[in-house]
Amino acid sequence: MPDLDGKVALVTGGTRGIGLATARALAEAGATVVLTGRDEAKAKEAAQAAGAAGGLALDVTDAKAVAALVRGVAKEHGKLDIVVANAGIMEDALLGMIREELVDTTLSTNVAGTIHTVQAAARAMMRKKTGAIVVLASIVGEYGSAGQTVYAASKAAVANIARSAAKELGRSGIRVNAVAPGVIETELTAGLSEDARASNIGSTPLGRLGTPEDVANAIKFLVSDDAAFITGQVLGIDGGLVL
Ligand SMILES: NC(=O)c1ccc[n+]([C@@H]2O[C@H](COP(=O)([O-])OP(=O)(O)OC[C@H]3O[C@@H](n4cnc5c(N)ncnc54)[C@H](OP(=O)(O)O)[C@@H]3O)[C@@H](O)[C@H]2O)c1
């Protein structure tokens, strides 16, 4: 099991789903974890459930708030080793039904929010010339999906945030990778119809949908020293769905 003893980690969007499972996995591996959500009470409750050191309010669309929070966490804990830019939203819309507001909200949360988080993380990690960042892409961003043009565009951007930041930050000892989950059972996918669930399971060689822990365990590996020579990768966690 990757040993994260002594590491300080921040997980955005840690109040439920993949973010909560990731915060718990990193804490169980020995890291001091701070998680965030838009509502402070929910973040504190999730932090307690995950065994995290703290839960803070943060809207990742607010660049100044992201910068201040990341600086604050690094100051309070003396450093910042790991950042998981997990906060994200998904709303489906066929092309003819896409509203301007959906484009704005999705891009400002998934794309701008991830950029703000990676930028703030890089600034905090630069001084010690070491760190590991993971961002949340999606198989939809890699392969596309009918009814998900906006979400797919946002997640393709996230994968390229990882690749570009990895190229830029490698010489500073900072690794940046993305995970690209398939269909994971969280609130985000709770609206899937029974037909869609069955169809996804039928197309998945491993014969099931993913769990938040499936993704959390891959993230735990990517941020650990076991992945010391891995950067700029987009790791599929999809049970083979895209094969
Ligand atoms: N589930 C899947 O099948 C799947 C597949 C591929 C990729 N992903 C990606 O994995 C990530 C987590 O997904 P999930 O399934 O765990 O989703 P989820 O259960 O809906 O959780 C999303 C998290 O993001 C937070 N969040 C949303 N908007 C935010 C904002 N503006 N600022 C700060 N936090 C915000 C939410 O916190 P609050 O609401 O408490 O603020 C919540 O903690 C997302 O980036 C998603 O796109 C998921």
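Helices H1 and H2 are oblique to each other, since their axes, which come within 9 Å, cross at roughly 45°, and angles that are neither under 35 degrees, nor over 145, nor from 65 to 115 count as oblique. This arrangement belongs to a predicted model, and the report below follows helix H1 first, then the nonpolar cores, and lastly one buried residue in a strand.

**Helix H1 and its partners**

Two packed helices are described by the angle between their axes and the distance between the axes. For H1 (residues 17-28), these values are given with H2 (residues 40-50) and with H8 (residues 212-223) in the table.

| Helix pair | Angle | Axis distance | Crossing |
|---|---|---|---|
| H1 and H2 | roughly 45° | within 9 Å | right-handed |
| H1 and H8 | about 50° | 8 Å | right-handed |

The angle of about 50° between H1 and H8 makes this pair oblique. On the side of H1 that meets H2, the residues are Leu20, Ala23, Arg24 and Ala27, and their counterparts in H2 are Ala46, Ala49 and Ala50. Towards H8, H1 uses Gly17, Ile18, Ala21, Thr22, Ala25 and Leu26, which meet Pro212, Glu213, Val215, Ala216, Ile219, Lys220 and Val223.

**The nonpolar cores**

In soluble globular proteins, nonpolar side chains tend to be buried together. In this model the largest nonpolar core has 35 residues, and those with the most contacts inside it are Leu10, Val70, Val73, Leu80, Ile133, Val135 and Val176. Several elements each supply at least two residues of this core, among them strand S1 (8-11), helix H3 (63-77), strand S5 (131-136) and strand S6 (174-181). A second, separate core of 30 residues includes Ala27, Leu136, Ile184 and Val215; of these, Ala27 also takes part in the meeting of H1 with H2, while Val215 is one of the H8 residues that meet H1.

Leucine 80 shows what such a place in the first core looks like: apart from residues up to four places away in sequence, Leu80 touches Val8, Ala9, Leu10, Val70, Val73, Ala74, Ala124, Met125 and Thr130.

**Asparagine 177 and the annotated span**

Asparagine 177 lies in strand S6, and because its relative accessibility is 1%, the residue counts as buried, the cut-off being under 20%. Setting aside neighbours within four places in sequence, Asn177 is in contact with Ile133, Val134, Val135, Ala162, Leu222, Ile230, Thr231, Gly232 and Gln233.

In its unreviewed entry, UniProt lists residues 7-182 as "domain: Ketoreductase". In the model, this span is 52% helix and 18% strand, and its end C-alpha atoms lie 28 Å apart.

Methods. Residues numbered from 1 in each chain as written. Predicted model: local features only at pLDDT ≥ 70, side-chain atom pairs only at ≥ 80, totals over all residues. Heavy atoms only, no water. UniProt positions renumbered as here; feature names shortened; annotations may be inferred. Helix = DSSP H or I, 4+ residues; strand = E, 2+ residues; numbered from the N terminus. Core = buried A, V, L, I, M, F, W, Y, C linked by side-chain atoms within 4.5 Å. Buried < 20%, exposed > 50% of the residue type's maximum accessible area, 1.4 Å probe, protein only. Contact = heavy atoms within 4.5 Å. Axes fitted to C-alpha atoms, helices over the stretch in contact; angles between N-to-C directions. Left-handed = near helix turned anticlockwise from the far one by under 90°.
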